[in-house]
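Subject: Structure for your review

Dear colleague,

Please find below the structure that I am handing over to you. I would be grateful if you could keep it open while you read the notes that follow.

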Amino acid sequence: MSEADCLFCKIADREIPSTVVYESESVLGFNDIRPQAPVHILFMPKRHISGIHEVTARNVGEAGALLLAANEVAREKGLSEAGYRLVVNCKADGGQTVDHLHLHLLGGRRMTWPPG
Ligand code: AMP
Ligand code: ZN
């Protein structure tokens, strides 16, 4: 079920190529095209949810599956011991540029705080 003109729906439908590193029934994980860390992977529900603000009791399972996926891939990539960062940007003030819910997994370098 893809939303017309949604970039990440097109990636989920394989209309636009990406480097897929994780796939389950409801989640796709793929490398960010402009990596901000040695590991930068995006996890999204295959079904269109426009952002974290649209998570409800009905679709929280799909949102929660993003955490499980990120945890599993972080372990596979050897990040679990040193740590990593998970980020969800929401709308304009949060810095969201693609309106299809996604979780960033960033790792392989020391992160700073506060974020920009
Ligand atoms: P956000 O700013 O949180 O909405 O994140 C969107 C992310 O999608 C950015 O980090 C972009 O680099 C990334 N991105 C945009 N287009 C693509 C693409 N075609 N394949 C992979 N990542 C992409
Ligand atoms: Zn979408």
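Why does the arrangement of the four donor atoms around the zinc ion (ligand 2) count as tetrahedral? Please note first that the model is a predicted one. The four donor atoms subtend angles of 106 to 115 degrees at the zinc ion, and the arrangement is therefore tetrahedral. The cut-off applied here is that all angles must lie between 85 and 135 degrees. For reference, the ideal angle for four tetrahedral donors is 109.5 degrees.

The zinc site

The protein donors of this ion are Cys 6 and Cys 9, each through SG, together with His 48 and His 100, each through ND1. They lie 2.0 to 2.3 Å from the zinc ion. Along the chain, the donors follow the spacing C-x2-C-x38-H-x51-H. The two histidines link distant parts of the chain, being 52 residues apart. His 48 belongs to the loop between S3 and helix H2 (60-76), whereas His 100 belongs to the loop between helix H3 (91-94) and S5. His 48 counts as buried because its relative accessibility is 19%, which falls under the 20% limit. His 100 also counts as buried, because its relative accessibility is 0%.

The largest pocket

The largest pocket holds about 770 Å³ of space. Its lining consists of 33 residues, of which Asp 32, Gln 36, His 40, Asn 89 and His 104 are the closest to the centre. Two or more lining residues come from each of helix H1 (7-12), strand S2 (27-31), strand S3 (39-45), strand S4 (85-87) and strand S5 (103-107). By class, 16 of the lining residues are nonpolar, 13 are polar and four are charged.

The nonpolar core

In soluble globular proteins, nonpolar side chains tend to be buried together. In this model, the largest nonpolar core has 17 residues. Those that touch the most other members are Tyr 22, Val 27, Ile 41, Phe 43, Leu 66, Val 73 and Leu 105. S3, H2 and S5 each give two or more residues to this core, and H2 gives the most, with seven.

Individual residues

Several further positions deserve your attention as you look through the model.

- Cys 90 is placed in the loop between S4 and H3. Because its relative accessible area is 27%, Cys 90 is partly exposed. Its C-alpha atom is separated by 6.4 Å from that of Ile 52, and the two residues are 38 apart along the chain.
- Arg 14, in the loop between H1 and strand S1 (20-23), has a phi near 65 degrees, a positive value in a residue other than glycine. With a relative accessible area of 45%, Arg 14 is partly exposed.
- Lys 91, in helix H3, likewise has a positive phi, of about 55 degrees, although it is not a glycine.
- Arg 109 lies in the segment after S5 and is partly exposed, with a relative accessible area of 42%. Arg 109 and Ile 41 are 68 residues apart in sequence, and their C-alpha atoms are 14 Å apart in space.
- Pro 114 is found in the segment after S5. The peptide bond that leads to Pro 114 from Trp 113 is cis, with omega near 5 degrees.

Yours sincerely,

A colleague

Terms used:
Residues are numbered from 1 along each chain as its sequence is written. Chains are lettered from A and ligands numbered from 1 in the order in which they are written. This is a predicted model: local features need pLDDT of at least 70, side-chain atom pairs count only at pLDDT 80 or more; totals for chains, interfaces and linings use all residues. Side-chain values use heavy atoms; hydrogens and water are left out. On a 1 Å grid over the protein atoms alone, a cavity is a set of points where a 1.4 Å probe fits but cannot get out, and a pocket is an open set with protein on both sides within 12 Å along at least five of seven lines; lining residues have an atom within 4 Å of a point. Grid points are joined across faces, edges and corners, and a volume is the space filled by probe spheres set on the points. Helices (H or I, at least four residues) and strands (E, at least two) are DSSP runs, numbered from the N terminus. Ala, Val, Leu, Ile, Met, Phe, Trp, Tyr, Cys and Pro count as nonpolar, Asp, Glu, Lys and Arg as charged, and the others, Gly among them, as polar. Donors are N, O and S atoms within 2.8 Å of the metal (3.2 Å for Na, K and Ca); water is not among the atoms, so sites may look incomplete. Four donors count as tetrahedral if all angles lie between 85 and 135 degrees; four count as square planar and six as octahedral if opposite donors are over 155 degrees apart and all others between 65 and 115; anything else is irregular. Buried means under 20% relative accessible area, exposed over 50%, partly exposed in between (1.4 Å probe, protein chains only). A nonpolar core is a set of buried Ala, Val, Leu, Ile, Met, Phe, Trp, Tyr and Cys residues joined through side-chain atoms within 4.5 Å.
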